[in-house]
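This report looks at one protein chain, from its overall form down to single residues. Please keep the model in view while reading.

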Amino acid sequence: KMSGELLSVMTFTVPRFGGDSEWEIGRYTVGDVRVIGGAQKIWRAFVNEYSPKSVKTFADRRFGDGSVYGRLGFTRGADTGISHWYVDKNGERTYHRMTFQKWKLEKLLKTFDPALTEAVNMKNNGWKRVWDCGHASWKWSEET
């Protein structure tokens, strides 16, 4: 047993994309150790403390399908489509596409041409675009 070390975390937030749910699990992560029943313990503590009516979450399909949420009583919904990210010139850091929406580019890039697309402007400035695998959506409600 490790004393004082954070082994597993689940964050709960206001939903980012609309009001079809009261809460959203923003992140769930486990460190370099195996925490048997960790998600269930955190989930149960949240439900006991906040009595949520509905919770949604998304699992990044690059890393799995989010089956842990099924074990918590969530129902799997539709998968989202694939999306893209940008990698800096040195290949050291990845940025979500929302960071580089076209309307933001004039202030962010060294050279910017409003007649060109976001992708072309980014490429012209040395950025690489990479694709993800989309997300699995999951939803829980007190009725289930």
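Two residues are in contact when they have heavy atoms within 4.5 Å of each other. By that criterion, and leaving out residues up to four places away in sequence, V55 touches S21, W23, E24, I25, W43, F46, F74, W138, K139 and W140. The model is predicted.

**Overall form**

The chain holds four helices and eight strands. Their order from the N terminus is β-β-α-β-α-β-β-β-α-α-β-β. The radius of gyration is 19 Å, well over the 15 Å given by the globule rule for 144 residues, so the chain is more spread out than a compact globule. The C-alpha trace spans about 55 × 35 × 25 Å along its principal axes. Of the contacts with a separation of 6 or more, 61% link residues 24 or more positions apart. Buried residues account for 31% of the 144 residues. The chain exposes about 9800 Å², and carbon and sulfur atoms supply 52% of that area.

**Cores**

In soluble globular proteins, nonpolar side chains tend to be buried together. Which residues touch the most other members of the largest nonpolar core? They are I25, W43, V55, Y69, L72 and F74, out of 15 residues in that core. At least two core residues come from each of β1 (8–13), α1 (38–50), β3 (54–60), α2 (67–71) and β8 (135–141). A second, separate core has six residues, including Y86, L105, L109 and M122.

**Two residues compared**

E24 and V47 can be set side by side.

| Residue | Element | Relative accessibility | State |
|---|---|---|---|
| E24 | strand β2 (residues 23–30) | 0% | buried |
| V47 | helix α1 | 23% | partly exposed |

Buried means under 20% relative accessible area, so E24 at 0% qualifies. Not counting residues up to four places away in sequence, E24 touches T11, F12, T13, V14, P15, R16, V55, K56 and F58. V47 and E22 are 25 residues apart along the chain, and their C-alpha atoms are separated by 12 Å.

**A three-stranded sheet**

One open sheet has three strands in the order β6-β5-β7, paired antiparallel. β6 (94–96) and β7 (128–131) stand at the edges with a single partner strand each, so one side of each lacks a neighbour in the sheet. From one strand to the next, the twist averages 40 degrees. Strand β5 (residues 84–87) runs antiparallel to β7, and four bridges join them. Which residue of β7 stands opposite V87? That residue is K128.

How values were computed
Residues are numbered from 1 along each chain as its sequence is written. This is a predicted model: local features need pLDDT of at least 70, side-chain atom pairs count only at pLDDT 80 or more; totals for chains, interfaces and linings use all residues. Side-chain values use heavy atoms; hydrogens and water are left out. Two strands pair if DSSP finds at least two bridges between them. Axes are lines fitted to C-alpha atoms, for helices over the stretch in contact, and angles run from 0 to 180 degrees between N-to-C directions. Buried means under 20% relative accessible area, exposed over 50%, partly exposed in between (1.4 Å probe, protein chains only). A nonpolar core is a set of buried Ala, Val, Leu, Ile, Met, Phe, Trp, Tyr and Cys residues joined through side-chain atoms within 4.5 Å. The radius of gyration is taken over C-alpha atoms; the globule rule is 2.2 Å times the number of residues to the power 0.38. Accessible areas come from the Shrake-Rupley method with a 1.4 Å probe; for residues, only the protein chains shown count as cover.
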